[in-house]
Amino acid sequence: DIVTRDGLPFDAATDAGLDADLPDGGADGGGSDIASEDTALACQDLDSDGRGTGCPAGEDHCDDDGDNWTIDGCQNCIDLDGDGLGAGCDRGTDCDDRLATCREQCTNSDGDDPVVPDCIEVFCGSDPNDVESVCHLVSSRAEANAAIASANAADGRPDFILLLDMQTDDIFTTISSDDGVTIRQVPGAVLRQTDHTKDILVIDGDRVLLDGLHLSGGKQQIEIKAASATVRHCVLEGFEHRGINVINSASGTLIEHNVFAGGTGDQDNRAAVYTDSGHDITIAGNLFVACNTGIVLKNAHDLFIDHNTFASNIYRGIRFYSNDSGPLCLRSNIFSGHAVTAVEFEHAAIWDSSQSCIGPLDSDGSGPRFGNAAFGNSALCTGGCAAGGDCASCLPAGTPFEFDVDPLYATTTLGHVGFYCPIAVELIDSGDDLGYDRTPGDDGNVRWLGSGPDIGGRESGTPECGG
(Lines give C-alpha, C1' and ligand atoms only; values in the text may rest on other atoms or scores of the structure.)
Protein backbone atom coordinates (compact mmCIF):
# COMPACT_ATOMS: atom_id res chain seq x y z
CA ASP A 1 0.00 0.00 0.00
CA ILE A 2 1.08 3.58 -0.63
CA VAL A 3 2.02 5.35 2.58
CA THR A 4 0.76 8.92 2.68
CA ARG A 5 1.32 11.97 4.86
CA ASP A 6 -0.79 15.10 4.54
CA GLY A 7 -2.43 13.40 1.60
CA LEU A 8 0.83 13.02 -0.40
CA PRO A 9 2.82 9.83 -1.18
CA PHE A 10 5.59 9.37 1.38
CA ASP A 11 8.62 7.02 1.49
CA ALA A 12 9.17 6.33 5.15
CA ALA A 13 12.58 4.75 4.53
CA THR A 14 14.13 7.91 3.15
CA ASP A 15 11.88 10.45 4.89
CA ALA A 16 11.19 11.83 1.46
CA GLY A 17 8.28 11.85 -0.89
CA LEU A 18 6.75 13.59 -3.79
CA ASP A 19 6.62 16.74 -1.66
CA ALA A 20 10.35 16.78 -0.92
CA ASP A 21 11.03 19.62 -3.36
CA LEU A 22 8.40 21.91 -1.80
CA PRO A 23 9.52 24.83 0.43
CA ASP A 24 9.92 23.48 3.93
CA GLY A 25 10.71 25.15 7.18
CA GLY A 26 10.76 21.93 9.19
CA ALA A 27 13.58 19.47 9.90
CA ASP A 28 11.88 16.41 8.44
CA GLY A 29 11.17 17.63 4.90
CA GLY A 30 7.50 16.97 5.53
CA GLY A 31 4.34 18.88 4.87
CA SER A 32 4.24 21.37 7.72
CA ASP A 33 4.58 24.28 5.28
CA ILE A 34 1.65 23.20 3.20
CA ALA A 35 -0.78 24.08 5.96
CA SER A 36 0.86 27.49 6.47
CA GLU A 37 0.76 28.17 2.73
CA ASP A 38 -2.90 27.25 2.65
CA THR A 39 -3.47 29.67 5.54
CA ALA A 40 -1.57 32.45 3.76
CA LEU A 41 -3.56 31.89 0.61
CA ALA A 42 -6.79 31.98 2.58
CA CYS A 43 -5.87 35.26 4.34
CA GLN A 44 -7.67 38.24 2.80
CA ASP A 45 -5.89 41.39 3.92
CA LEU A 46 -6.97 44.31 1.74
CA ASP A 47 -5.19 47.09 3.65
CA SER A 48 -1.89 45.19 4.24
CA ASP A 49 -1.93 45.52 8.02
CA GLY A 50 -1.56 41.77 8.60
CA ARG A 51 -5.16 41.32 9.66
CA GLY A 52 -8.20 40.23 7.74
CA THR A 53 -10.52 37.35 6.97
CA GLY A 54 -8.75 34.09 7.74
CA CYS A 55 -5.45 35.80 8.70
CA PRO A 56 -3.24 34.44 11.54
CA ALA A 57 -3.04 37.87 13.23
CA GLY A 58 -6.81 38.05 13.50
CA GLU A 59 -9.86 39.63 11.94
CA ASP A 60 -10.00 43.18 10.57
CA HIS A 61 -13.28 45.02 11.06
CA CYS A 62 -12.30 47.76 8.59
CA ASP A 63 -10.05 46.20 5.97
CA ASP A 64 -9.76 49.48 4.09
CA ASP A 65 -7.96 51.20 6.98
CA GLY A 66 -4.39 50.06 7.62
CA ASP A 67 -4.24 51.75 11.01
CA ASN A 68 -7.32 50.24 12.68
CA TRP A 69 -8.80 46.76 12.95
CA THR A 70 -10.95 46.44 16.09
CA ILE A 71 -14.61 47.42 16.13
CA ASP A 72 -13.81 50.28 18.52
CA GLY A 73 -10.89 51.57 16.46
CA CYS A 74 -12.77 51.29 13.18
CA GLN A 75 -15.74 53.22 14.50
CA ASN A 76 -14.19 55.73 16.88
CA CYS A 77 -10.62 56.59 15.77
CA ILE A 78 -10.07 60.35 15.42
CA ASP A 79 -6.82 60.98 13.55
CA LEU A 80 -6.65 64.58 12.39
CA ASP A 81 -3.09 64.58 11.02
CA GLY A 82 -3.20 61.21 9.24
CA ASP A 83 -0.28 59.60 11.08
CA GLY A 84 -2.29 56.60 12.32
CA LEU A 85 -2.38 57.83 15.91
CA GLY A 86 -5.21 59.57 17.70
CA ALA A 87 -8.03 59.34 20.18
CA GLY A 88 -9.60 55.86 20.09
CA CYS A 89 -7.18 54.58 17.44
CA ASP A 90 -5.80 51.02 17.54
CA ARG A 91 -2.20 52.14 16.90
CA GLY A 92 -2.29 54.40 19.94
CA THR A 93 -2.88 57.98 20.97
CA ASP A 94 -1.18 61.04 19.54
CA CYS A 95 0.57 63.56 21.75
CA ASP A 96 -0.46 66.34 19.33
CA ASP A 97 -2.89 65.55 16.52
CA ARG A 98 -2.24 68.76 14.60
CA LEU A 99 0.96 67.56 12.94
CA ALA A 100 2.03 64.14 11.66
CA THR A 101 5.60 64.53 12.95
CA CYS A 102 4.20 64.54 16.49
CA ARG A 103 3.83 60.91 17.55
CA GLU A 104 3.15 59.00 20.79
CA GLN A 105 5.19 61.26 23.06
CA CYS A 106 5.86 65.00 22.91
CA THR A 107 8.69 66.86 24.61
CA ASN A 108 8.83 70.53 25.56
CA SER A 109 12.54 71.18 25.89
CA ASP A 110 12.35 74.93 26.51
CA GLY A 111 9.46 74.67 28.99
CA ASP A 112 7.46 77.40 27.27
CA ASP A 113 4.01 78.29 28.59
CA PRO A 114 1.59 77.86 26.94
CA VAL A 115 3.18 74.60 25.88
CA VAL A 116 4.27 74.25 22.26
CA PRO A 117 5.79 70.77 21.75
CA ASP A 118 9.23 70.45 20.18
CA CYS A 119 7.75 68.69 17.13
CA ILE A 120 5.53 71.73 16.46
CA GLU A 121 8.39 74.19 16.96
CA VAL A 122 10.68 72.33 14.54
CA PHE A 123 8.01 72.42 11.83
CA CYS A 124 7.18 76.05 12.61
CA GLY A 125 10.85 77.07 12.44
CA SER A 126 11.39 78.27 16.01
CA ASP A 127 14.11 76.85 18.29
CA PRO A 128 12.65 74.21 20.65
CA ASN A 129 15.58 74.74 23.05
CA ASP A 130 15.14 78.50 23.36
CA VAL A 131 12.17 79.80 25.34
CA GLU A 132 12.62 83.22 23.69
CA SER A 133 12.14 81.67 20.24
CA VAL A 134 8.36 81.41 20.00
CA CYS A 135 6.02 79.70 17.57
CA HIS A 136 2.65 81.46 17.61
CA LEU A 137 -0.19 79.01 16.90
CA VAL A 138 -3.22 80.82 15.50
CA SER A 139 -6.70 79.68 14.52
CA SER A 140 -8.52 83.02 14.18
CA ARG A 141 -7.92 86.49 12.73
CA ALA A 142 -7.69 87.93 16.25
CA GLU A 143 -4.92 85.47 17.15
CA ALA A 144 -3.17 86.13 13.84
CA ASN A 145 -3.28 89.89 14.37
CA ALA A 146 -1.86 89.47 17.89
CA ALA A 147 0.98 87.31 16.55
CA ILE A 148 1.76 89.83 13.78
CA ALA A 149 1.68 92.70 16.30
CA SER A 150 4.20 90.80 18.43
CA ALA A 151 6.43 90.36 15.37
CA ASN A 152 6.10 94.04 14.46
CA ALA A 153 7.45 95.00 17.89
CA ALA A 154 10.91 94.64 16.30
CA ASP A 155 13.00 93.02 19.04
CA GLY A 156 15.72 91.95 16.61
CA ARG A 157 14.67 88.30 16.63
CA PRO A 158 12.88 86.41 13.83
CA ASP A 159 9.26 85.50 14.48
CA PHE A 160 7.34 82.36 13.61
CA ILE A 161 3.60 81.90 13.08
CA LEU A 162 1.80 78.62 12.42
CA LEU A 163 -1.71 78.79 10.99
CA LEU A 164 -4.30 76.16 11.78
CA ASP A 165 -7.54 75.66 9.83
CA MET A 166 -9.33 79.00 9.99
CA GLN A 167 -11.42 81.60 8.21
CA THR A 168 -11.59 85.38 8.22
CA ASP A 169 -13.91 88.06 6.91
CA ASP A 170 -11.36 90.87 6.94
CA ILE A 171 -7.73 91.64 6.13
CA PHE A 172 -4.97 90.81 8.64
CA THR A 173 -2.71 93.39 10.30
CA THR A 174 0.07 94.46 7.92
CA ILE A 175 3.42 92.71 8.52
CA SER A 176 5.95 95.52 8.96
CA SER A 177 8.77 93.80 10.85
CA ASP A 178 12.19 93.70 9.15
CA ASP A 179 13.46 91.01 11.56
CA GLY A 180 12.23 88.16 9.38
CA VAL A 181 8.75 86.71 9.86
CA THR A 182 7.98 83.12 8.85
CA ILE A 183 4.37 82.00 8.41
CA ARG A 184 3.59 78.33 7.83
CA GLN A 185 0.40 76.27 7.94
CA VAL A 186 -0.23 72.73 9.15
CA PRO A 187 -0.78 70.33 6.22
CA GLY A 188 -4.43 69.98 5.24
CA ALA A 189 -5.49 73.26 6.84
CA VAL A 190 -6.98 76.10 4.78
CA LEU A 191 -7.20 79.84 5.45
CA ARG A 192 -10.48 81.00 3.92
CA GLN A 193 -11.38 84.61 3.23
CA THR A 194 -15.18 84.67 3.25
CA ASP A 195 -15.55 88.24 1.94
CA HIS A 196 -14.63 88.41 -1.75
CA THR A 197 -14.11 92.19 -1.48
CA LYS A 198 -11.36 91.87 1.19
CA ASP A 199 -7.67 91.00 0.93
CA ILE A 200 -5.80 88.66 3.29
CA LEU A 201 -2.09 89.44 3.87
CA VAL A 202 0.01 92.57 3.29
CA ILE A 203 3.82 92.37 3.56
CA ASP A 204 5.56 95.68 4.22
CA GLY A 205 8.59 94.31 6.07
CA ASP A 206 11.74 92.72 4.69
CA ARG A 207 12.61 88.99 4.63
CA VAL A 208 9.13 87.55 5.11
CA LEU A 209 8.67 83.86 4.26
CA LEU A 210 5.26 82.36 3.48
CA ASP A 211 5.69 78.59 3.25
CA GLY A 212 3.03 75.93 2.68
CA LEU A 213 -0.06 78.13 3.04
CA HIS A 214 -3.39 77.21 1.47
CA LEU A 215 -5.37 80.39 0.84
CA SER A 216 -8.88 80.38 -0.55
CA GLY A 217 -11.15 83.25 -1.56
CA GLY A 218 -10.82 86.98 -1.14
CA LYS A 219 -10.12 89.81 -3.55
CA GLN A 220 -6.31 89.85 -3.36
CA GLN A 221 -4.58 87.26 -1.24
CA ILE A 222 -0.99 88.53 -0.81
CA GLU A 223 0.44 92.01 -1.39
CA ILE A 224 4.22 92.46 -1.27
CA LYS A 225 5.68 95.95 -0.78
CA ALA A 226 9.09 95.21 0.76
CA ALA A 227 12.34 93.44 -0.05
CA SER A 228 13.34 89.77 -0.10
CA ALA A 229 9.90 88.21 0.37
CA THR A 230 9.53 84.52 -0.45
CA VAL A 231 6.29 82.67 -1.23
CA ARG A 232 6.79 78.94 -1.72
CA HIS A 233 4.86 75.65 -1.64
CA CYS A 234 1.54 77.49 -1.32
CA VAL A 235 -1.86 76.89 -2.90
CA LEU A 236 -3.65 80.11 -3.83
CA GLU A 237 -7.12 79.46 -5.18
CA GLY A 238 -10.43 81.20 -5.67
CA PHE A 239 -9.07 84.76 -5.52
CA GLU A 240 -11.25 87.37 -7.16
CA HIS A 241 -8.54 89.66 -8.56
CA ARG A 242 -4.99 88.58 -7.71
CA GLY A 243 -3.14 85.86 -5.92
CA ILE A 244 0.07 87.90 -5.39
CA ASN A 245 0.62 91.60 -6.08
CA VAL A 246 4.23 92.85 -6.08
CA ILE A 247 4.29 96.67 -6.00
CA ASN A 248 6.10 99.81 -4.83
CA SER A 249 9.51 98.79 -6.16
CA ALA A 250 9.57 95.65 -4.02
CA SER A 251 12.81 93.81 -4.77
CA GLY A 252 14.29 90.37 -4.38
CA THR A 253 10.93 88.59 -4.46
CA LEU A 254 11.01 84.81 -4.90
CA ILE A 255 7.78 83.07 -5.93
CA GLU A 256 8.45 79.35 -6.35
CA HIS A 257 6.68 75.99 -6.40
CA ASN A 258 3.16 77.32 -5.83
CA VAL A 259 -0.20 76.42 -7.34
CA PHE A 260 -2.42 79.29 -8.53
CA ALA A 261 -6.05 78.69 -9.51
CA GLY A 262 -8.47 81.63 -9.54
CA GLY A 263 -9.35 85.04 -10.89
CA THR A 264 -12.41 85.97 -12.92
CA GLY A 265 -13.42 88.61 -15.44
CA ASP A 266 -11.38 90.31 -18.14
CA GLN A 267 -10.08 93.35 -16.27
CA ASP A 268 -6.55 94.26 -17.33
CA ASN A 269 -5.10 94.09 -13.84
CA ARG A 270 -6.42 90.68 -12.76
CA ALA A 271 -3.87 87.89 -12.61
CA ALA A 272 -2.45 85.17 -10.41
CA VAL A 273 0.75 87.25 -10.12
CA TYR A 274 0.67 90.97 -10.89
CA THR A 275 3.64 93.29 -10.55
CA ASP A 276 3.74 97.05 -10.95
CA SER A 277 7.25 98.50 -10.64
CA GLY A 278 8.67 95.48 -8.84
CA HIS A 279 12.22 94.46 -9.67
CA ASP A 280 14.60 91.52 -9.23
CA ILE A 281 11.75 89.01 -9.21
CA THR A 282 12.11 85.25 -9.68
CA ILE A 283 8.96 83.31 -10.59
CA ALA A 284 9.87 79.65 -10.96
CA GLY A 285 8.41 76.16 -10.65
CA ASN A 286 4.79 77.33 -10.35
CA LEU A 287 1.51 76.13 -11.82
CA PHE A 288 -0.88 78.78 -13.20
CA VAL A 289 -4.07 76.89 -13.94
CA ALA A 290 -7.57 78.18 -14.82
CA CYS A 291 -6.73 81.72 -13.76
CA ASN A 292 -7.85 84.90 -15.54
CA THR A 293 -4.20 85.41 -16.56
CA GLY A 294 -1.08 83.79 -15.18
CA ILE A 295 1.22 86.83 -14.90
CA VAL A 296 0.69 90.52 -15.69
CA LEU A 297 3.84 92.65 -15.95
CA LYS A 298 3.69 96.44 -15.71
CA ASN A 299 6.91 98.45 -15.57
CA ALA A 300 8.67 95.47 -13.93
CA HIS A 301 12.43 95.04 -14.09
CA ASP A 302 15.03 92.27 -13.83
CA LEU A 303 12.66 89.34 -14.14
CA PHE A 304 13.41 85.63 -14.21
CA ILE A 305 10.41 83.47 -15.25
CA ASP A 306 11.59 79.88 -15.35
CA HIS A 307 10.10 76.36 -15.36
CA ASN A 308 6.46 77.34 -14.84
CA THR A 309 3.33 75.76 -16.32
CA PHE A 310 0.63 78.07 -17.72
CA ALA A 311 -2.36 75.89 -18.57
CA SER A 312 -5.98 76.54 -19.56
CA ASN A 313 -6.09 80.06 -18.19
CA ILE A 314 -9.22 81.96 -19.19
CA TYR A 315 -7.39 84.49 -21.34
CA ARG A 316 -3.60 84.31 -21.44
CA GLY A 317 -0.45 82.99 -19.82
CA ILE A 318 1.54 86.25 -19.63
CA ARG A 319 0.50 89.83 -20.41
CA PHE A 320 2.81 92.83 -20.92
CA TYR A 321 0.59 95.67 -19.76
CA SER A 322 0.64 99.48 -19.66
CA ASN A 323 4.44 99.98 -19.55
CA ASP A 324 7.46 98.16 -20.98
CA SER A 325 9.00 95.53 -18.70
CA GLY A 326 12.42 93.91 -18.59
CA PRO A 327 15.08 92.77 -18.83
CA LEU A 328 13.26 89.43 -18.74
CA CYS A 329 14.64 85.90 -18.98
CA LEU A 330 11.77 83.61 -20.05
CA ARG A 331 12.90 80.01 -20.04
CA SER A 332 11.67 76.38 -19.96
CA ASN A 333 7.97 77.19 -19.39
CA ILE A 334 4.90 75.36 -20.72
CA PHE A 335 2.01 77.34 -22.28
CA SER A 336 -0.99 75.15 -23.12
CA GLY A 337 -4.72 75.37 -23.73
CA HIS A 338 -5.24 79.14 -23.55
CA ALA A 339 -8.54 80.34 -25.00
CA VAL A 340 -7.07 83.66 -26.21
CA THR A 341 -3.27 83.56 -26.36
CA ALA A 342 -0.16 82.26 -24.68
CA VAL A 343 1.47 85.73 -24.53
CA GLU A 344 -0.10 89.15 -25.08
CA PHE A 345 1.90 92.28 -25.84
CA GLU A 346 0.20 95.56 -25.06
CA HIS A 347 3.67 96.95 -24.39
CA ALA A 348 7.16 95.75 -25.16
CA ALA A 349 9.23 93.15 -23.40
CA ILE A 350 12.91 93.94 -23.01
CA TRP A 351 14.53 90.53 -23.32
CA ASP A 352 17.54 89.51 -21.28
CA SER A 353 20.48 88.96 -23.64
CA SER A 354 23.06 88.31 -20.94
CA GLN A 355 25.15 85.16 -21.01
CA SER A 356 23.60 84.05 -17.73
CA CYS A 357 20.26 83.73 -19.55
CA ILE A 358 21.01 82.75 -23.13
CA GLY A 359 24.68 81.74 -23.25
CA PRO A 360 24.35 78.04 -22.38
CA LEU A 361 21.28 77.79 -24.63
CA ASP A 362 23.24 78.61 -27.79
CA SER A 363 25.73 75.75 -27.74
CA ASP A 364 25.46 75.01 -31.48
CA GLY A 365 25.71 78.64 -32.59
CA SER A 366 22.27 78.68 -34.23
CA GLY A 367 20.91 81.36 -31.94
CA PRO A 368 19.34 81.38 -28.49
CA ARG A 369 16.96 78.55 -27.62
CA PHE A 370 14.82 79.24 -24.59
CA GLY A 371 13.32 75.79 -24.05
CA ASN A 372 9.71 76.98 -23.78
CA ALA A 373 6.87 74.75 -24.94
CA ALA A 374 3.57 75.84 -26.49
CA PHE A 375 0.68 73.55 -27.39
CA GLY A 376 -3.05 73.90 -28.00
CA ASN A 377 -3.27 77.69 -27.55
CA SER A 378 -5.68 79.72 -29.70
CA ALA A 379 -2.69 81.90 -30.54
CA LEU A 380 0.96 81.85 -29.64
CA CYS A 381 1.00 85.63 -29.20
CA THR A 382 -1.26 88.63 -29.79
CA GLY A 383 -0.88 92.40 -29.73
CA GLY A 384 2.08 94.47 -30.80
CA CYS A 385 4.89 96.07 -28.86
CA ALA A 386 5.06 99.09 -31.19
CA ALA A 387 2.60 101.03 -33.32
CA GLY A 388 1.73 99.00 -36.38
CA GLY A 389 3.86 96.07 -35.27
CA ASP A 390 2.76 92.48 -34.90
CA CYS A 391 3.35 90.23 -31.93
CA ALA A 392 6.01 88.11 -33.63
CA SER A 393 8.33 91.13 -33.65
CA CYS A 394 7.91 91.38 -29.88
CA LEU A 395 9.32 87.92 -29.19
CA PRO A 396 13.02 87.42 -28.44
CA ALA A 397 15.42 86.60 -31.25
CA GLY A 398 16.22 82.94 -31.76
CA THR A 399 13.79 80.18 -30.81
CA PRO A 400 11.60 81.38 -27.93
CA PHE A 401 9.27 78.35 -28.22
CA GLU A 402 11.33 75.25 -28.83
CA PHE A 403 8.75 72.50 -28.18
CA ASP A 404 5.41 71.98 -29.91
CA VAL A 405 4.18 68.85 -28.14
CA ASP A 406 1.17 67.83 -26.06
CA PRO A 407 2.40 67.75 -22.43
CA LEU A 408 0.07 64.81 -21.67
CA TYR A 409 -0.61 65.92 -18.09
CA ALA A 410 -1.03 62.97 -15.72
CA THR A 411 -4.10 64.58 -14.11
CA THR A 412 -5.75 67.99 -14.05
CA THR A 413 -7.57 67.44 -10.75
CA LEU A 414 -6.32 69.71 -7.96
CA GLY A 415 -5.08 67.78 -4.95
CA HIS A 416 -4.34 64.58 -6.85
CA VAL A 417 -0.82 63.18 -7.27
CA GLY A 418 0.38 64.01 -10.77
CA PHE A 419 -1.45 67.35 -10.95
CA TYR A 420 -0.22 68.95 -14.19
CA CYS A 421 2.84 66.71 -14.30
CA PRO A 422 3.77 66.29 -18.00
CA ILE A 423 4.57 62.76 -19.10
CA ALA A 424 5.52 63.60 -22.70
CA VAL A 425 9.05 62.23 -23.06
CA GLU A 426 10.11 65.21 -25.15
CA LEU A 427 9.71 67.46 -22.08
CA ILE A 428 11.46 65.22 -19.51
CA ASP A 429 15.07 66.19 -18.69
CA SER A 430 15.00 68.61 -21.64
CA GLY A 431 15.69 71.85 -19.75
CA ASP A 432 19.07 73.48 -19.38
CA ASP A 433 21.17 73.38 -16.22
CA LEU A 434 21.48 77.11 -15.53
CA GLY A 435 21.81 79.31 -12.46
CA TYR A 436 18.45 78.90 -10.74
CA ASP A 437 18.31 75.16 -11.40
CA ARG A 438 21.76 74.56 -9.93
CA THR A 439 20.98 76.51 -6.78
CA PRO A 440 19.91 74.31 -3.85
CA GLY A 441 16.24 74.62 -2.98
CA ASP A 442 14.81 74.89 0.51
CA ASP A 443 15.47 71.17 1.08
CA GLY A 444 19.17 71.59 0.26
CA ASN A 445 18.93 69.72 -3.04
CA VAL A 446 19.13 71.02 -6.59
CA ARG A 447 15.76 71.72 -8.10
CA TRP A 448 15.73 68.89 -10.63
CA LEU A 449 16.21 65.15 -11.00
CA GLY A 450 17.72 63.11 -13.81
CA SER A 451 20.08 64.40 -16.48
CA GLY A 452 18.44 67.83 -16.59
CA PRO A 453 15.40 69.75 -15.38
CA ASP A 454 12.04 69.01 -17.00
CA ILE A 455 10.17 71.65 -18.98
CA GLY A 456 7.38 73.27 -16.97
CA GLY A 457 6.48 73.68 -13.32
CA ARG A 458 6.60 70.03 -12.26
CA GLU A 459 9.55 67.65 -12.07
CA SER A 460 9.13 63.92 -12.75
CA GLY A 461 10.26 61.70 -9.91
CA THR A 462 9.23 64.12 -7.17
CA PRO A 463 6.47 63.25 -4.67
CA GLU A 464 3.90 65.55 -6.32
CA CYS A 465 4.41 63.59 -9.55
CA GLY A 466 4.22 60.19 -7.87
CA GLY A 467 7.96 59.63 -7.36
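Start with the whole chain shown as a surface: its accessible area comes to about 20200 Å², and carbon and sulfur atoms account for 50% of that. Keep in mind as you go that this is a predicted model. Switch to a cartoon and you should find six helices and 31 strands. Of the 467 residues, 48% count as buried. If you like contact maps, take the contacts between residues at least 6 apart in sequence: 49% of them join residues at least 24 apart.

**Stop 1: the nonpolar cores**

Select I244 and F345. In the largest nonpolar core, which has 60 residues, these two touch the most other members. Now colour helix 4, residues 141-152; this helix gives the most to the core, with four residues. A second core of 14 residues is separate, and to find it you can select A311, F403, A424 and I455, which are among its members.

Go back to I244 and show its surroundings. Which residues does I244 touch, leaving out those up to four places away in sequence? The list is I222, I224, V231, L236, I255, F260, A272, V273 and Y274. Two of these names, F260 and Y274, return at later stops.

**Stop 2: aromatic rings**

A search of the whole structure gives eight aromatic pairs. Pick F260 and F288 for a stacked one, with 4.9 Å from centre to centre and 5 degrees between the planes. This pair links distant parts of the chain, since F260 belongs to strand 17 (residues 259-261) and F288 to strand 20 (residues 287-289), 28 residues apart. Are F260 and F288 buried or exposed? Both are buried.

For another geometry, select F419 and Y420. Their ring centres are 4.9 Å apart and their planes stand at 90 degrees, so this pair is edge-to-face. F419 and Y420 are both buried as well.

Then add F310, F335 and F401 to F260 and F288: together these residues form one aromatic cluster.

**Stop 3: charges over rings**

Select R51 and W69. R51 lies over the face of W69, 3.7 Å from the ring centre. Next, move to R242 and Y274, where the charged end of R242 sits over the ring of Y274 at 4.1 Å from its centre. You have met Y274 already, as one of the residues that I244 touches.

**Stop 4: backbone details**

Most residues other than glycine have a negative phi, and most peptide bonds are trans. The next four places are worth a look with that in mind.

- Select D113 and P114: the peptide bond between them is cis, with omega near 5 degrees. P114 is in the loop between helix 2 (71-76) and helix 3 (118-124).
- Select G326 and P327: here too the peptide bond is cis, with omega near 0 degrees. P327 is in strand 25, residues 325-331.
- Select S48: this residue is not a glycine, yet its phi is positive, near 60 degrees. S48 lies in the loop between helix 1 (32-42) and helix 2. Its relative accessibility is 64%, so S48 counts as exposed.
- Select D302: its phi is also positive, about 55 degrees, although D302 is not a glycine. D302 is found in strand 22, residues 301-306. With a relative accessible area of 42%, D302 is partly exposed.

Conventions: Residues numbered from 1 in each chain as written. Predicted model: local features only at pLDDT ≥ 70, side-chain atom pairs only at ≥ 80, totals over all residues. Heavy atoms only, no water. Core = buried A, V, L, I, M, F, W, Y, C linked by side-chain atoms within 4.5 Å. Buried < 20%, exposed > 50% of the residue type's maximum accessible area, 1.4 Å probe, protein only. Helix = DSSP H or I, 4+ residues; strand = E, 2+ residues; numbered from the N terminus. Contact = heavy atoms within 4.5 Å. Phe/Tyr/Trp six-rings, centres within 6.5 Å; stacked < 30°, edge-to-face > 60°. Lys NZ or Arg CZ within 6 Å of the ring centre and 35° of its normal. Areas by Shrake-Rupley, 256 points an atom, 1.4 Å probe, with all protein chains shown as cover.
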